[in-house]
Amino acid sequence: TGLTVSGAIDANGDLDVDGHTELDNVYVSGVITATSFVGNLTGSSSSLGVVPCFSARATNGGSTPFTTDGRNSPYTPIPFDAVDVNRDSCYSGTDKKFTCTVAGVYRFNVSLCSGGTNHWFRGWIFHQSGGSGTPNAIAKSQTDYGGNSGLDFTHCGFSVIYPCAVGDKVWVVLDTTQGGTSSIYTGESGKYSQWNGMFISA
């Protein structure tokens, strides 16, 4: 514990430290960093550490449907408030936003239903650089045009792959400005309306 050794592990499983000194039958618990490696390396387990990811359902506190527009300030998020997965504490069920904890490329997925008879969905995924200022729409989708069709509880799924820096925020909003009734179904514990995100590359 607390020991850092640079060297090469040879075919016999010995650690060659400086070309002269060998440490036999080395047991390491943690991370091994070697300049070269010959032979087989075995272990009982391995770990990549905590990878930021989350999954949340929209319950809106049990009230359905959700019909609040989020395109303009204060950019009200769709209430994905029931959090099922939250690695690295990257998501808040209170403000309903993802906050980047590790810089890299992320994938965000939305799957939801509109909230009632003759309702439809139109919405955006927002990205906010540094967690403040005016957000930028990075993905949009809809199930109808102007609510003209007789659609009931329509499903919409969309996703985006996007780079994030530490402190950036991402969330989903509803657009109610295009006519008809644009809404989100938030009943049944949010099982019909969910979104998630995950780190996929540095």
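Biologist: Happy to have this model open at last! Which strands form the open sheet that contains β16, and in what order?

Modeller: This is a predicted model, so please read everything I say as computed from it. The open sheet has five strands in the order β6-β5-β16-β9-β13, with antiparallel pairing.

Biologist: What makes β6 and β13 stand at the edges?

Modeller: β6 (80-87) and β13 (155-164) each have a single partner strand, so one side of each is left without a neighbour in the sheet. On average, neighbouring strands here are turned by 15 degrees against each other, with direction ignored.

Biologist: How do you know that β9 and β16 pair?

Modeller: Two strands count as paired if there are at least two bridges between them. Seven bridges join β9 (residues 104-113) to β16 (residues 194-201), and the two run antiparallel. With seven against a cut-off of at least two, they pair. β9 also pairs with β13, in the antiparallel sense, over 10 bridges.

Biologist: Where does Arg107 fit in, and what stands opposite in β16?

Modeller: In β16, Met198 stands opposite Arg107. In β13, the residue opposite Arg107 is Ile161.

Biologist: Why is β9 called largely enclosed?

Modeller: Seven of the 10 residues of β9 are buried, so the rest of the structure largely encloses this strand.

Biologist: Let's turn to an arginine. Is Arg57 buried or exposed, and how do you know?

Modeller: Arg57, which is found in strand β5 (residues 53-58), has a relative accessible area of 18%. Buried means under 20%, so Arg57 is called buried.

Biologist: What makes you say that the side chain of Arg57 has a polar contact with Ser189?

Modeller: A polar atom of the Arg57 side chain lies 2.4 Å from the backbone oxygen of Ser189. The cut-off for a polar contact is within 3.5 Å, so the distance of 2.4 Å satisfies it. Leaving aside neighbours within four places in sequence, Arg57 is also in contact with several other residues, among them Phe80, Asp81, Asp84 and Lys191.

Biologist: And Thr68: why is that residue called partly exposed?

Modeller: Thr68 lies in the loop between β5 and β6. The relative accessible area of Thr68 is 37%. Buried is under 20% and exposed is over 50%, with partly exposed in between, so 37% makes Thr68 partly exposed. Not counting residues up to four places away in sequence, Thr68 touches Thr76, Leu174 and Thr176. Thr68 and Ser182 are 114 residues apart in sequence, while their C-alpha atoms are 9.0 Å apart in space.

Biologist: I always check the cysteines. How many disulfides does a search of the whole structure find?

Modeller: The search finds zero disulfides. Take Cys53: the nearest cysteine sulfur is that of Cys90, 6.5 Å away. A disulfide needs the sulfur atoms within 2.5 Å, so at 6.5 Å Cys53 is in no disulfide. Likewise, Cys90 is in no disulfide, with the sulfur of Cys53 being the nearest.

Biologist: Is Cys90 buried or exposed?

Modeller: Cys90 has a relative accessible area of 2%; the limit for buried is under 20%, so Cys90 is buried. Cys53, at 23%, is partly exposed.

Biologist: Now the rings. How many aromatic pairs does the structure hold?

Modeller: There are 16 aromatic pairs. One of them is formed by Phe98 and Phe108, with 5.3 Å centre to centre and 65 degrees between the planes.

Biologist: Why is the pair of Phe98 and Phe108 called edge-to-face?

Modeller: Planes over 60 degrees apart count as edge-to-face, and this pair has 65 degrees, so the name fits. Phe98 lies in strand β8 (residues 97-99) and Phe108 in β9, so the pair ties together parts 10 residues apart in sequence. Both phenylalanines, Phe98 and Phe108, are buried.

Biologist: What makes the pair of Tyr106 and Phe108 stacked?

Modeller: Their planes are 15 degrees apart, with 6.2 Å centre to centre. Stacked means under 30 degrees, so this pair is stacked. Tyr106 is buried as well. Ring pairs link these residues into a cluster whose members include Phe54, Tyr91, Phe98, Tyr106, Phe108 and Trp195.

Biologist: Tyr91 is in that cluster; which residue of β8 stands opposite Tyr91?

Modeller: Phe98 does. β7 and β8 are joined by two bridges and run antiparallel; the cut-off is at least two, so they pair. They belong to an open, antiparallel sheet of five strands in the order β7-β8-β14-β11-β12. Its edge strands, β7 (91-92) and β12 (136-142), each pair on one side only.

Technical notes: Residues numbered from 1 in each chain as written. Predicted model: local features only at pLDDT ≥ 70, side-chain atom pairs only at ≥ 80, totals over all residues. Heavy atoms only, no water. Helix = DSSP H or I, 4+ residues; strand = E, 2+ residues; numbered from the N terminus. Axes fitted to C-alpha atoms, helices over the stretch in contact; angles between N-to-C directions. Buried < 20%, exposed > 50% of the residue type's maximum accessible area, 1.4 Å probe, protein only. Polar contact = N/O pair within 3.5 Å; in protein donor to acceptor, adjacent residues only side chain to side chain. Contact = heavy atoms within 4.5 Å. Phe/Tyr/Trp six-rings, centres within 6.5 Å; stacked < 30°, edge-to-face > 60°.
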